[in-house]
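Trainee: I am new to this structure and would love a guided tour. Could we go through it one question at a time?

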Amino acid sequence: MKVVISGLGVVMPGAWGWDEAESLFSAADPKPVDIDRSAGYHREGGSRKALLVDSGRMGEWLSPMAARRMSQASRFAVCASLMAFHDAGLKPQSEEGTTAVVMGTTYGAAFVTEKILRQILLEGPESVSPALFTESVANAPAAQIALAVGAKGANTTVTQRQASVIAALKQGVGLLMRGVADRVLVGVVDEMAPLLHSILDRFGGLARPEHNGAEVGRPFDARGSGWMGADGAAVTLLEPEDIVRRRGGSFRARVLGAGMAFDPGAPRSGWGTVPGPRAKALRAFLVENAVSPRVIDRVVCSAGGLPEADRLEARMIREVLGDGSLPPVLAPAASVGNHGAALLAGSVLAAAGATFGPTPGFGVPDREAGIIPHDGRTLPAPETVLMTVCAPGGSAGWALMARGLEV
Amino acid sequence: MTQQELIRERLKKLIIESLNLEGMTPEMIENDAPLFGDGLGLDSVDALELVVALEKEFSIRIEGEETTREAFASVSAMAAFIDGLNE
Amino acid sequence: MKVVITGIGAVSGFGWGVEKLWRGLESGATSIREPSVFDVEGQRTTLVAEVGPPGPDAQAEIDDLRNLSRADVFAVIAAREALVRAGVDAGGPRTGVFCGGSTAGMAECEDFVGRIVGVHPGKPTLRLLASQQLNGPGDAVARDIGACGPVIGFSSACASGAMALGAALEAVRSGDVDMALAGGADSLCRLTYSGFNALRSVDPGVCRPFRRERQGLSLGEGAGMLVLEPLDRAVARGAEPLAELAGYGASCDAYHMTAPHPKGDGALAAMKAALRDAGLESLDVGAVNAHGTGTPHNDQSESCALRRLLGERALEVPLTAPKGALGHVLGAAGALEAVASVLALECGTIFPTAGSTPADPDFGIDLVLDEGREMFRGKQTWISTNFAFGGANAALVIRGLV
């Protein structure tokens, strides 16, 4: 069975929907905003900015009454799912057959967790809001999606840090292959709450303010000092190709396969410096999928400007694809921040032949990474896209996508 | 405004705020309209949410599901219930 | 391809290890009690199935894991026990880890935030957060055993453990891995305890699954870990499989964020899907390991779903509800309860539900009480149910081997 992406919904900083995502990646001009530091969590001199979704646009997809109990994550996820259906030319709640949902998240319900903890700590357990608690579980977005689109099939939430997007893809494809769902919404969602932001900053994960006060995610760049924290969601609708063709529909991209591996030698909260085991697993994945490194003509990676992470991922990519013959490497996190939606949306758009501008934030190559990300020159649409992610703690994941079908 | 009217006003604002009824104003909630099921269409989680909000706002303790169902039937019922507790 | 369970490990309110788990379950006792460590101050209810301190030998092993969160430790210790039982050195690129959880390092995170807002003593050190992430326990197991294959965390509230098992089953069947460590782990934390109390879902006493007087659930903590392998590989290396993980099914109610579908539509769909996946029918079901939380809603809709599944046989199929003994261990529930099913198959006994009152007669179920029920050794088929917040449902089919 061939699996295709018949629709994509995107709720990202600076982009709601396919067209805006295309413009965003083409213009490559991210606009960070100040994170709310009024609670006093943040340290002096640390990161103060993030790339955040303009949630004022929600009304185009979800009424305030429908959304009143939803966390931000649920809202983003539901909007992106409705968009994905729309993009595929299908109507939620009215399609025959079973719709399943697989969502991934790195940080879960950050805002709600923060609020509830504050309620418990500052006011006492009896002050905990019941409605907030129902949204505090990591699977709340997936459950809200099911309610919004009438998805009665399997409803799974995976959480494997930044590799969650690959875990979700793998599970979603599996559901279709086993014939237990007729279509699957596969996506990722994350929030960027002030407490979470301050914690990531304390861990040294976020881009530090530069001399002019700017904070920039600089993938593979010698000046890189961390990621841009970001929120958002991206949801794809996966279907068997023949079903889509039978109804005369088109699809954005094909999913050829997804795989994951783990390096138990990596530090618990880091990447380490040894790409070997992860590279070996990626190589095995390509062999299993009968894809030679030579045919890969685009790489979409998770690098976002955190040196240890970027270097490990770069070395892994170079080890497998060969130093002398790297295809163009895209780093969508530079445009929309570090989270799974960037990678998922970036990969689907890349596979569909969208134009990507020069990689924002990149200018001075980091020799230890040894990758020069895409500089914005015009490229022919790719045949085979390799998606990669290296998460802290040792998880790594990858997926192969190919061009879709425009009708 | 009478004492009862003041309480009802406060309650309407509380309902809107604690249940996140965006776009609603106190004027849109009738004193005797049913809050649950038909009417405003609130559900069991909303009821629990209101309990927490009322306990905080009026420094009272609300126990028992039976009590809640009767007391929360409408804004007027809620106001009477609170009045009763304060005596 | 048959996928078998060759090792099991557990940490529960009855103690550390499967032996303590089984002794507790078969005696009909409950591990839900007043906590010695968990802070219930200011809470509406006070009982929990807390994991007590381990014996002195185990303590040394646990002390070595001092940098891990409590949930991580539960997972690692349970995984180690499972591997010892399986008699195998797992690890390498053909081993995967699939772990469910809903809290991970939340208890430690609460302390961190408490320190940040000035309510707890001490500095907010980052170490408290090192294992905060939801995938913490699975990663800890993967590091401990040297797994290099896929490592995936599942966080679907009460169905997480079952989902992890389902994913592991699929990974073994598809040849993605040759061996999977699958299970779940959760530790008590104030966020969850307060949250369920805010929903008034917690029984002030010990939970009473399927009883007329039931008033809610009881929370617990712990971990369950299972080693899964293809049958022929297990046999080839001389292992003794304990049971077969025959099928997995999942569905979503898409009905309400907290209340289950009143007639159990989604629950029924998940159970049917699991049986179909196992190549079986409802006639093959020999025993039920119910979700049975003790909440008015769940037990009502679950028994309805079971009656619809089993039809006229409903009153003949013994049902046990382990949450009366173990509490609701949330992300670990599906896994810990699967371990209980395996133990029951091993020992030939359907363990009783804790407590002596009979089931609500309106439910039309055969609730096993008192001494438990003898089960014929050999092909007995358990269906284990797990229904989560938000309507996500998962069911597992576990069979004895001839």
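Trainee: Where do we start: how many residues does chain A bring to its contact with chain C, and which helix of chain A gives the most?

Mentor: Keep in mind that this is a predicted model. The contact takes 55 residues from chain A and 55 residues from chain C. On the side of chain A, the elements that each supply at least two residues include α5 (130–134), β6 (155–158) and α10 (276–288). The largest contribution there, seven residues, comes from α4(A).

Trainee: What classes of residue make up the side of chain A that touches chain C?

Mentor: Charged residues number seven on that side of chain A. The others divide into 19 polar and 29 nonpolar.

Trainee: α6 (140–149) of chain A also supplies residues to that side. How many of the residues of α6(A) are buried, and which glycine follows the helix?

Mentor: Helix α6(A) is mostly covered, with 10 of its 10 residues buried. Among them are Pro141(A), Gln144(A) and Leu147(A). The residue that follows α6(A) has a positive phi, near 70°, and is Gly150(A).

Trainee: In the loop between β6 and α7 of chain A lies Arg161(A). Is Arg161(A) buried or exposed?

Mentor: Most residues other than glycine have a negative phi. Arg161(A) has a positive one, of about 50°, although it is not a glycine. To settle your question we count neighbours: 20 or more other C-beta atoms within 10 Å make a residue buried. Arg161(A) has 26 of them, so Arg161(A) is buried.

Trainee: And what about Asp370(C), in the loop between β13 (366–367) and β14 (373–374) of chain C: is it buried or exposed?

Mentor: Asp370(C) is not a glycine either, and has a positive phi of about 55°. For its surroundings, the cut-off is that 12 or fewer neighbours make a residue exposed. Asp370(C) has 9 C-beta neighbours inside 10 Å, so it counts as exposed.

Trainee: Now to helix α13 (residues 340–351) of chain A. Why does its end-to-end distance agree with its number of residues, and how far apart are its end C-alpha atoms?

Mentor: At 1.5 Å a residue, the 12 residues of α13(A) should span 16 Å. The helix is mostly covered, with 12 of its 12 residues buried, and just after it Gly353(A) takes a positive phi of about 90°. The distance between its end C-alpha atoms agrees with the expected span, because they are 17 Å apart.

Trainee: Which residues of α13(A) does Val10(A) touch?

Mentor: Val10(A) is one of the residues that touch the most other members of the largest nonpolar core, which has 328 residues. Leaving aside residues up to four places away in sequence, its contacts include Trp16(A), Met83(A) and Ala234(A). From α13(A), the residues it touches are Ala341(A) and Ala345(A).

Trainee: Which helix gives the most to that core?

Mentor: Ala75(C) is another of the residues that touch the most other members of the core. The helix that gives the most, with 11 residues, spans residues 70–86 of chain C and is α3.

Trainee: Last one: at what angle do α1 (residues 3–18) and α4 (residues 75–86) of chain B cross?

Mentor: The crossing is right-handed. Its contact includes Ile7(B) and Leu11(B) from α1(B), and Met78(B) and Ile82(B) from α4(B). By class, that contact has six nonpolar, two polar and three charged residues. The axes come within 9 Å and cross at roughly 115°.

How values were computed
Residues numbered from 1 in each chain as written. Chains lettered and ligands numbered in written order. Predicted model: local features only at pLDDT ≥ 70, side-chain atom pairs only at ≥ 80, totals over all residues. Axes fitted to C-alpha atoms, helices over the stretch in contact; angles between N-to-C directions. Helix = DSSP H or I, 4+ residues; strand = E, 2+ residues; numbered from the N terminus. Left-handed = near helix turned anticlockwise from the far one by under 90°. Contact = placed C-beta atoms within 7 Å. Nonpolar A, V, L, I, M, F, W, Y, C, P; charged D, E, K, R; others polar. Expected span 1.5 Å × (residues − 1). Core = buried A, V, L, I, M, F, W, Y, C linked by C-beta atoms within 7 Å.
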